[in-house]
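Got the model up in your viewer? Keep the selection box handy and we'll go from stop to stop.

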2 protein chains.
Amino acid sequence: MNASGRVTAQDVALLAGVSQSAVSRVFTPGASVAPATAAKVRAAAKRLGYRPNSLARAMITGKSRIIGLVVAYLDNQFYPVAVEKLSLVLQAQGYHVLLFMAANTAGEMERLMEDLLAYQVDGIITASVAISNDVTRQCAQAGIPLVMFNRGQPGAGLSSVTSANALGGRKVAQFLLAGGHQRIAHISGWQGASTGKDRARGLIEGLAEAGCEPHAVIDGMYDRETAAMAARHLMDTASPPDAIFVGNDHMAFAVMDSLRAIGVRVPQDVSVVGYDDVPMAAWGAYDLTTVRQPLMRMVEATVETLLAQINDPERAAQNLEIDAPLILRGSARRPEGGDDAGV
Amino acid sequence: MNASGRVTAQDVALLAGVSQSAVSRVFTPGASVAPATAAKVRAAAKRLGYRPNSLARAMITGKSRIIGLVVAYLDNQFYPVAVEKLSLVLQAQGYHVLLFMAANTAGEMERLMEDLLAYQVDGIITASVAISNDVTRQCAQAGIPLVMFNRGQPGAGLSSVTSANALGGRKVAQFLLAGGHQRIAHISGWQGASTGKDRARGLIEGLAEAGCEPHAVIDGMYDRETAAMAARHLMDTASPPDAIFVGNDHMAFAVMDSLRAIGVRVPQDVSVVGYDDVPMAAWGAYDLTTVRQPLMRMVEATVETLLAQINDPERAAQNLEIDAPLILRGSARRPEGGDDAGV
DNA sequence: CTGAAAGCGCTAACAC
DNA sequence: GTGTTAGCGCTTTCAG
């Protein structure tokens, strides 16, 4: 045992009466050791409380088994749950998660890349974070695979996993139209993000197919306060909307709160539809009709894509879109005689 | 540059025409280098895109600057926000967070300790996780400081940071009594956790001081469904409570949902008080009167305690309790003519 | 102030 | 199978 109280393979080797490499082999999955040797070593290791030093191993192998997970904000419930699932799936695969909280700006991301690279992460997952071209270049140069979760970046040459956002928006359009809504407004997700843009585009295209146009489109910036203000603003006109599609659940809750605060009934006066289907959407207070992002499938696809790229650096980037069903609840009037199940 | 495309200090040294140790010194905060040398080295480093390898540095120094953060579940909003703040504060101090999601069981924690130790973390923060004696022994043996966030463990000899839970419960008792409530029930936090026990004890003691007893106490297990069932159960008797103190906000939301679902009005028929003051408590749909855990102060205290222990291994464990004010909102009837502000 | 040399704890050839 | 040997990329004495 060295000065710091840490037990080394050497200590175990001494006690077990074998070489230090023998000890290493016992703790290296695919190595060949005589059962008897392994037993001796394990016994000695147990007695000493030995544990291989992952950092030392990482230096040699060039694989740290650490994944950098970069997240912007955790107040939208979708992300904590995503972080939880991503961690769990990664842990199950023997990886570990180095967590980075980032402001959603290119400069901040830049700064984080320094640390990410310094810790020799095997791969990076970004959740709802903007990636500058500089960053992608740095990653490519360092040969570190990166997958964007819930954010696309057309033309960046980076892998991404999202739900089928445009299609989701289209489903909402069709559903609201079928429900007899005439004035469908959209408080959109941030138009600087692919998710916000795609959902808005889907809605608009869906309406257009029926010869309609959105009653109004306001950028809610994925921010509660902005969305609430937008809702008040929409209702404060001569012809208020009879339905509002909100760019994500997080904002939809704020919209419902602010509608109720001014005496507007949901869904009798205005139907509200969200996007994400976070757990809270099912709670009694909101009972929100929303487009479900299939979290586990997205998480699994993200991890799969990342690990595939780690194991085969030549692998091309891929952009996956996962189908997102509409979940019918009580916040939006449904088509008469319509199906009760999700679309 | 070695085969893997990684740039080493050696490469920089060559290009700068200095020794490798000179390069090291340039990137080691407290080392003495001639300005001219430093300039040459930095230029070369920049040109090559060099970044010191934290893992190699960690091996030498015995300090990884990694903190293991162990969290149980992220569905109670209190924890994601805590994780966010903890990460931010730790990042600001030059530390990095290795995130572990754990089932809240001793066995699981055991398994995680393996990984924690293997990665040579400098310290550990657990958020609402039960720690077995085995684990504390392992930590002590490995000399790794550990601070429990939002969980106490009397007699474990471990540091912890919590809010003043018992006092919080007492405040609720006094507030509800002052509001004229006669039958005060408690759907408690999990009685296997210090937080749940202390808040319940505080309430009961607070009532006792006024010569009262709780109308009923049911363990809500920090679980939405359990809490909702408890609420329905409480109301389904000849003399239902006129106030319910719920062990945390997460359960309180479920309680309010289930009360409303059976036509019970909050606060006209029953007052509801929570604990935590998660962001959602302020949202219109719940407008929950609750005891605020001062998150930032708890986070800062946690990080401070941990870093103090890292820097001075001899330092004794400390158990901090941070005062938690009662925040008055609309879910509970207030004392007549009472103060509008928090207590 | 700077370079040479000795490792941190481990894995990966390489002989035996 | 197993021990020996050579490093992974870096920090840190130790001379100069």
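How many cavities of 30 Å³ or more does a search of the whole structure find? Just one, and keep in mind that this is a predicted model. Its volume comes to about 30 Å³. To see what surrounds this largest cavity, select B:L177, B:H181, B:Q182, B:I184, B:L207, B:C212 and B:E213, the residues that line it. Colour them by type and you get four nonpolar residues, two polar and one charged.

Stay in chain B and pick helix α12, residues 295-311, where B:A301 is found. B:A301 has 11% relative accessibility, so it counts as buried. Now show what touches it: beyond the neighbours within four places in sequence, B:A301 is in contact with B:V161, B:L320 and B:I322. For a distance to try, pick the C-alpha atoms of B:A301 and B:V147: they are 10.0 Å from each other, with these positions 154 residues apart along the chain.

Over to chain A. Colour it by domain: domain 1 takes 9-52, domain 2 takes 66-162 + 294-322, and domain 3 takes 165-293. Between the C-alpha centres of domain 1 and domain 3 of chain A, the distance is 61 Å.

Next, select helix α7 of chain A, residues 133-142. Which of its residues are buried? They are A:V135, A:T136, A:Q138, A:C139 and A:A142. Look down the axis: these residues cover an arc of only 160° around it, which puts them on the same side of α7(A). That fits a general rule: an α-helix has 3.6 residues a turn, so residues three or four places apart point the same way. Spin to the face turned away from the buried side, and there are the exposed residues A:N133, A:A140 and A:Q141. To see what covers the buried residues, add α6 (106-118), β3 (123-127) and β4 (146-149) of chain A, which are among the covering elements. Before you leave, click on A:G143, just after α7(A): its phi is positive, about 70°.

Last stop: the loop between β2 (96-101) and α6 of chain A, where you'll find A:A102. Is A:A102 buried or exposed? Buried, because its relative accessibility is 3%, under the 20% cut-off. Show its contacts outside the four nearest places in sequence on either side: A:V70, A:V71, A:A72, A:E108 and A:L112. One of these, A:V71, is 31 residues from A:A102 along the chain, and the two C-alpha atoms are separated by 5.9 Å.

Methods
Residues numbered from 1 in each chain as written. Chains lettered and ligands numbered in written order. Predicted model: local features only at pLDDT ≥ 70, side-chain atom pairs only at ≥ 80, totals over all residues. Heavy atoms only, no water. Domains from an automatic or database assignment. Buried < 20%, exposed > 50% of the residue type's maximum accessible area, 1.4 Å probe, protein only. Helix = DSSP H or I, 4+ residues; strand = E, 2+ residues; numbered from the N terminus. Arc of directions from axis to C-beta. Contact = heavy atoms within 4.5 Å. 1 Å grid on protein atoms, 1.4 Å probe; cavity = no way out; pocket = protein on both sides within 12 Å on 5 of 7 lines; lining within 4 Å. Points joined across faces, edges and corners; volume = space filled by probe spheres on them. Nonpolar A, V, L, I, M, F, W, Y, C, P; charged D, E, K, R; others polar.
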